[in-house]
Amino acid sequence: MIFINRTEDIQFLRDDIASKRDKARFLLLSAPSGIGKSSLVDRAFKDGLDKILIRVKVAKHEESRNVPALYIRELGRSINYFASNQGYVATFEKYYRRSNSEKEFGYLFKTIAADFIKKETDSEEAKTWIKSRGGRNDPSIIANAIFSSDNMAAHGAVVGYVSDVLKNNRLVVTLENIQNIDGDSLRFLKDLLVFNKGLYFIGEYTDDEVRQIDKNDLANYFECPNVSVSRLSIKKLPLQEIIKECHDKPEIIMQILQDSYEGSAGNLHNLRILFSDNYLEKSFVKNIPQQYDAILKQRITSLTADDSMLLAAVVAHGGCVDIELLIKCNRNAGLIASSALNLFSIEHALERLVKYDLLKFSAAEVMVAQDSVIDAVISDVRHTKYLLISYRSWLSLYQSLKLGIDDLFISRSEILSREVYFRALLSDLSGIKQLLDEIYELTLLSSAPKRAIRYLEGLKCNFSKQTNLDYSKEVYKLIDFGIMRTLYRLNLFEEIPKYSAQYLNDQTALIFHTSSLALTGHADVAIDMCNNELLGADEEHKLEFLIIRIAAYRASNQYKNCENEWVRLHKLGIFANTKYEAIFLRCSDLALMSKHNERIQHLTTAIDMFKESGDYLQEISARNALAQHLGYEGDLDGADRQLKIAEQRASEIYNRYYVVENNVGVLNLQRGNVSDKVIQRIKGAAYTCDTFLDKFIIWNNLLVAYSMEGNANELEHVLGMIEQELSRYPEMDYDLQRIALFNAHVHYLKTESHDVAAHYLEMAKKLPCLTDHEYWNAKLQGHHADLDSDFRLTLDYYPVYISNWHFDFDISLGSSQ
């Protein structure tokens, strides 16, 4: 590895680590690709300091950009690896057994097994999967599985593990390619820094990459009273300094270096190529190219067939692949084109490709040495046939991984998304449609679809290099509709318009688009669109737009219009005996503001209908709504029964659900239970929730929990996030705003900060009182006389159950064609 000088930067890092500090530290280390960010950190942490450094490796290619919770999972994996080698930090297995019962440990393992084999946890396939891996007592199995799983229970366990280790140890964490970080991981990392003043995070930011987050925005996001932020930018070294350091190289190499310095950008991979001993071989000396790109092209075109096949397989996979997976793909290549290499040949081909600086190793993975290698291979005509064989081999492999029980821990979302990619490259539109349907089915209470969406977005970017533009448009449309449908079911309405806006002449896309506007602060526009569409829509689409219009009334605080419209449609019987009848009855939860008993009656009917039709997601949603109403009227046992059924339904679909997790936490808060386990449950819901209003509700509940616990520091942090959102969205649901402000008032009243308490009470009073007039008048003005029987009035705080406005029309991809 070439590493030249950087003495001052190394000393800066060493001094900064050793300095005393009363707050956590975030260092943004930025440089163009290949300049040596990771090498600089590794050099600075030599001589014993490596015992406190945890390196989190995340590849910078397209498929790693904005993948939900990716950096959280990789941080957990890196800590577990660090613990196995250093010894003084608990491994995941030790942490989990210490923190949970044996029953919980068994449950976690079974749900993870289901996540990988797509079978019920008590099925024969699941039992075989567990047995084939040494049973659930094998720590290496559970650790490997959990850090690769999309399962929400696994995610919660990783969050708990990372939080525990970093809270109790003074460590340095360096995160590669932080420019690609997703929102879930970003929020989690900030929480870690805010509440752990001994932490030191280094974010390695690659300047010349397409990025998920701007460098300045990233630094500003971490900047807060509890976190000190600094920046270190490294640039390419001066030519004279490189020449001075490399004076012993042959004269011909030094001449090439000087001629190609401007084009190298100081990239260490480029310099390694230039300094390679391969130039001294006669085959190269005869006609030595004078620029890096030409040298790289010459190396690729001069490869043997074996080397070309292996390099093409890595490139076809996106430039990074697990070695074991690469070996399996090679076997498939033998079945497809008699191109398989034996293990001995693979080993020697890898050695040669590493020697030629085309590939490199990282732990159990092999990857291209630089992204420019991918472009060079794709543009080389000689490698076209090898890439085609690789596409077919990878497709065959991922099909076998999906259907069988395998030793590799690859989540269903990744398998399906990879399969989409290779089918796209092989021009299989019908196969893509089928796979998108499978990804949609994963949306049943799983975090997997969010990851699949990011993989699919990456697929579109990679696929843009294809020359068949008409075919590309067909693929893009299929993928866009698959993403829209998945976002719709997940209630992630904010993200839909960027996909739907270009397809508004399609009825399906119009429904997606209008729904998203109704629930993201553009309700008036949505109401106008619904009114226009109702004039000419067919009967089925008319029902859909009527429900969307009810949602728009509710979202824009038009409670009277919302209730009147629902009652009118119910009296007319428009939805009776249609496939949307149960969904319409479910909507009574948020439409009937003044008809409490009728809400419970209609929700109970909807639950029975969903149960009979086997629509678990809708049933869970309705049971959460019913639990909310029972809980607020004081029937906590009744609410508990509904939530236990909802939780059981969720576990049958392999995952815990953030709505259920939040609501179980609220029920405990109403009972006065504010244990650490309850708080972790609510925090876990926050980390797995992407829907803005739901996340706001969970923050409110965390505020209540921290106030009840007496944890002022964490409460202040949560309250800051709440106030930030209130300033950004002043027209947000008035009830939710009022509840959060009132809870802040109660907290400061209990801590005898009367001026602050009065401030939040006045803010709450200024909001229009459109629903629950009597209740809120009693709370805000202190008039308790008329409502002593109202259970909520006996509570100091107001924790909020989540009750989704969920109208899943289950639209088929076929309607988009």
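**View 1. A side-chain to backbone contact of S515.** The backbone oxygen of I511 lies 2.8 Å from a polar atom of the side chain of S515, in what is, like every view described here, a predicted model. S515 belongs to helix α26, which covers residues 507-518. The residue is buried, since the relative accessible area of S515 is 0%.

**View 2. The stacked rings of W394 and F422.** Among the 21 aromatic pairs that a search of the whole structure finds, W394 and F422 form a stacked one, with 6.5 Å from centre to centre and 15° between the planes. W394 is part of helix α20 (residues 384-403) and F422 is part of helix α21 (residues 412-425), so the pair ties together parts that are 28 residues apart in sequence. Both partners are withdrawn from the surface: W394 is buried, with a relative accessible area of 0%, and F422 is likewise buried, with a value of 0%.

**View 3. The stacked rings of Y748 and Y760.** The ring centres of Y748 and Y760 are 5.8 Å apart and the planes meet at 5°, so this pair counts as stacked. Because Y748 lies in helix α39 (residues 734-750) and Y760 in helix α40 (residues 754-766), the contact ties together parts that are 12 residues apart in sequence. Y748 is buried at a relative accessible area of 8%, and Y760, at 6% relative accessibility, also counts as buried.

**View 4. The aromatic cluster that includes W394 and F422.** When the view is widened around the rings of View 2, W394 and F422 are found to form one aromatic cluster together with Y391, Y398 and Y421.

**View 5. Charged side chains placed over aromatic rings.** In one of the two places shown, the charged end of K190 sits over the ring of Y221, at 4.6 Å from the centre of that ring. In the other, R738 lies over the face of W776, and the distance to the ring centre is 5.4 Å.

**View 6. Two buried cysteines in a model without disulfides.** A search of the whole structure finds zero disulfides, and the cysteines chosen for this view are therefore described by their accessibility alone, C329 being buried with a relative accessible area of 2%. C530 counts as buried as well, because its relative accessibility is 0%, which is under the 20% cut-off for that class.

Notes: Residues are numbered from 1 along each chain as its sequence is written. This is a predicted model: local features need pLDDT of at least 70, side-chain atom pairs count only at pLDDT 80 or more; totals for chains, interfaces and linings use all residues. Side-chain values use heavy atoms; hydrogens and water are left out. Rings of Phe, Tyr and Trp (its six-membered ring) pair if their centres lie within 6.5 Å; planes under 30 degrees apart count as stacked, over 60 as edge-to-face and the rest as tilted. Helices (H or I, at least four residues) and strands (E, at least two) are DSSP runs, numbered from the N terminus. Buried means under 20% relative accessible area, exposed over 50%, partly exposed in between (1.4 Å probe, protein chains only). A charge sits over a ring if NZ of Lys or CZ of Arg is within 6 Å of the ring centre and within 35 degrees of the ring normal. A disulfide is a pair of cysteine sulfur atoms within 2.5 Å. A polar contact is a pair of N or O atoms within 3.5 Å; within protein, one must be able to donate a hydrogen and the other to accept it, and residues adjacent in sequence count only if both atoms are side-chain atoms.
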